[in-house]
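Trainee: Could we walk through this protein model together? I would like to learn how to read strands, sheets and helices from it.

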Amino acid sequence: RKIGARFQDRIQRSHAARQEWVDKLRSFMNADRARRRDPFVELLREHFPHLLEELEGLAEGAGIDFERVLAVNLNPELSALMKMAPPEEDCTGVAVRSGDRLFVGHNEDGNCSYLDFMCLLVVDWPSGVRSWCYCYPGYWPGNGPSVSSHGLCQAVNYIGARAVKQGVPRYALDRAIMEARDLEEAAALAAHPARAYSQHHFLMSAEEGRILSVETSPDQVSRLEVQGIFVHANHYVHERMKEVPQFSGYQGSSRPRQQAAEQWARGFKDPAEVGEAELLALLSSHQNFPLSICRHPAPELAGCTLGAVLVNGRERKLSFFEGPPCQGRRRELAWPGREG
């Protein structure tokens with residue numbers, strides 16, 4: 001409720017800016033509540049009741065009908081049920097592990113209407129965990145990059161898989177991971193047996209000196225321990241997941257960014273050569289424009305880069321970039337739990 005009240009204006013204005021889309025999601029959801037709404041709510045109540053309460057409080061604090069907020073937070077699952085993939089969720093991520101050096105870099109791409117409404121959210125959760133998150137207005141935190149006082153970092157990539165099942169919503173699992181106590185707990189939440197949809201998670205533990213790449217579908221999981229440089233856009237890249245059916249049109253947007261990132265990675269003989277400057281150069285890349293890693297508003301695109309994050313695990317540094325990172329609007333933020 002406090003989050004909803006604090007960002008009430010942004011949440012309300014974002015709903016107004018995307019009213020047609022929100023109305024479409026809600027109408028589709030309510031046209032068959034027994035399949036498209038109620039099972040998701042019931043399984044959320046069974047496995048993560050506090051997250052359902054959070055969503056109800058968010059709607060109350062923001063002064064928006066709960067059903068509209070619910071539909072927005074079910075949009076990956078509802079879109080898959082519509083047999084389509086949202087055209088604007090084109091994030092690109094990179095993880096680097098070299099000795100004790102740990103980096104995660106991430107461009108958060110979304111609908112351009114969110115450019116003025118995104119939130120920088122610092123919260124002390126009732127569990128005692130303190131977290132920072134780059135947050136979409138009216139969404140569960142966690143869909144944008146996050147860092148916690150347990151030394152964990154999460155950055156996620158939408159994957160437009162065709163299969164969806166009645167289960168715990170994708171965004172709810174992202175939110176749950178923000179309070180994980182260690183890397184294995186975070187990975188277990190990503191692979192939750194009741195998960196409804198697909199996802200890719202970069203999970204870093206500064207405490208453990210490890211980074212995982214976890215790809216999921218409703219019925220399969222693949223996890224890789226990152227050694228060296230690993231890049232990820234918005235389709236399955238783990239070998240065992242490549243045959244999972246995906247929306248082909250969506251891959252047309254993802255593959256140019258994946259190819260550009262892989263080409264960048266091949267330019268280093270040793271991952272020790274990669275630091276913040278090199279990562280920023282990747283996140284600022286306009287190769288294969290307009291389907292580039294750093295994306296700008298364009299008539300032919302629904303989305304753009306809303307912001308970017310560089311996380312330095314060894315030094316516990318968190319750098320945030322407002323808008324496309326090529327523009328250099330950079331802020332250094334305190335790692336949650338290490339303020340002062």
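Trainee: Which residue in S7 does glutamine 154 stand opposite?

Mentor: Good place to start, and keep in mind that this is a predicted model. Strand S6 (residues 152-157) pairs with S7 in the antiparallel sense, over six bridges. Within that pairing, the residue of S7 opposite glutamine 154 is leucine 203.

Trainee: And which residue in S8 does glutamine 199 stand opposite?

Mentor: Now we look at another pairing of S7. Seven bridges link S7 with strand S8 (residues 210-216), and the two run antiparallel. Opposite glutamine 199, in S8, stands threonine 216.

Trainee: Which residue takes a positive phi in the hairpin of S7 and S8?

Mentor: Look at the turn that joins the strands. The hairpin of S7 and S8 has four residues between the strands. The residue there with a positive phi, near 70 degrees, is glycine 209.

Trainee: How many residues of S7 are buried?

Mentor: Side chains in a regular strand alternate between the two faces of the sheet, so we check each face in turn. On one side of S7, Gln199, His201, Leu203 and Ser205 are buried, and on the other side His200, Phe202 and Met204 are buried too. Both faces of S7 are covered. The count of buried residues in S7 (residues 199-205) is therefore seven of seven, where buried means under 20% relative accessible area.

Trainee: Which strands stand at the edges of the sheet that holds S7?

Mentor: That open sheet has seven strands in the order S3-S4-S5-S6-S7-S8-S9, with antiparallel pairing. An edge strand here has a single partner strand, so one of its sides is left without a neighbour in the sheet. The edge strands are S3 (119-124) and S9 (221-225).

Trainee: Which residue in S4 does aspartate 124 stand opposite?

Mentor: Here we move to the S3 edge. Six bridges join S3 to strand S4 (residues 130-135), and these strands run antiparallel. In S4, the residue opposite aspartate 124 is arginine 130.

Trainee: What are the edge strands of the sheet with the order S10-S1-S2-S11-S12-S13?

Mentor: That one is an open sheet of six strands, and the pairing is antiparallel. To find the edges, look for strands that pair on one side only. Those are S10 (228-232) and S13 (330-333).

Trainee: What is the bridge partner of asparagine 107 in S11?

Mentor: Strand S2 (residues 101-111) pairs with strand S11 (residues 303-312) over nine bridges, in the antiparallel sense. In S11, asparagine 107 has as its bridge partner alanine 308.

Trainee: Which helix lies across S1, S2, S11, S12 and S13?

Mentor: Two helices are worth comparing with this sheet. Helix H11 (residues 248-266) lies across S1 and S10, running at about 170 degrees to S10. The helix that lies across S1, S2, S11, S12 and S13, running at about 170 degrees to S11, is H12.

Trainee: How are H5 and H6 oriented to each other?

Mentor: The axes of helix H5 (residues 38-47) and helix H6 (residues 49-62) come within 5 Å and cross at roughly 120 degrees. Their contact involves Val41, Leu44, Arg45, Glu46 and His47 of H5 with Pro49, Leu51 and Leu52 of H6. Given that crossing angle, H5 and H6 are therefore oblique to each other.

Trainee: How are H3 and H7 oriented to each other?

Mentor: Helix H3 (residues 19-31) packs with H7 at an angle of about 95 degrees, and their axes are 9 Å apart. Angles of 65 to 115 degrees count as roughly perpendicular. So H3 and H7 are roughly perpendicular.

Trainee: How are H9 and H10 oriented to each other?

Mentor: Their axes come within 9 Å and cross at roughly 170 degrees. The contact joins Leu173, Ala176 and Ile177 of H9 to Ala186, Leu189 and Ala190 of H10, and these residues divide into six nonpolar, no polar and no charged. The crossing angle makes H9 and H10 roughly antiparallel.

Trainee: Is glutamate 179 buried or exposed?

Mentor: Glutamate 179 sits in the loop between H9 (170-177) and H10 (183-190). The side chains of glutamate 179 and serine 127 are joined by a polar contact of 2.3 Å. With 15% relative accessibility, glutamate 179 counts as buried.

Notes
Residues are numbered from 1 along each chain as its sequence is written. This is a predicted model: local features need pLDDT of at least 70, side-chain atom pairs count only at pLDDT 80 or more; totals for chains, interfaces and linings use all residues. Side-chain values use heavy atoms; hydrogens and water are left out. Two strands pair if DSSP finds at least two bridges between them. Axes are lines fitted to C-alpha atoms, for helices over the stretch in contact, and angles run from 0 to 180 degrees between N-to-C directions. Angles under 35 degrees count as roughly parallel, over 145 as roughly antiparallel, 65 to 115 as roughly perpendicular and the rest as oblique. Contact means heavy atoms within 4.5 Å. Buried means under 20% relative accessible area, exposed over 50%, partly exposed in between (1.4 Å probe, protein chains only). A polar contact is a pair of N or O atoms within 3.5 Å; within protein, one must be able to donate a hydrogen and the other to accept it, and residues adjacent in sequence count only if both atoms are side-chain atoms. Ala, Val, Leu, Ile, Met, Phe, Trp, Tyr, Cys and Pro count as nonpolar, Asp, Glu, Lys and Arg as charged, and the others, Gly among them, as polar.
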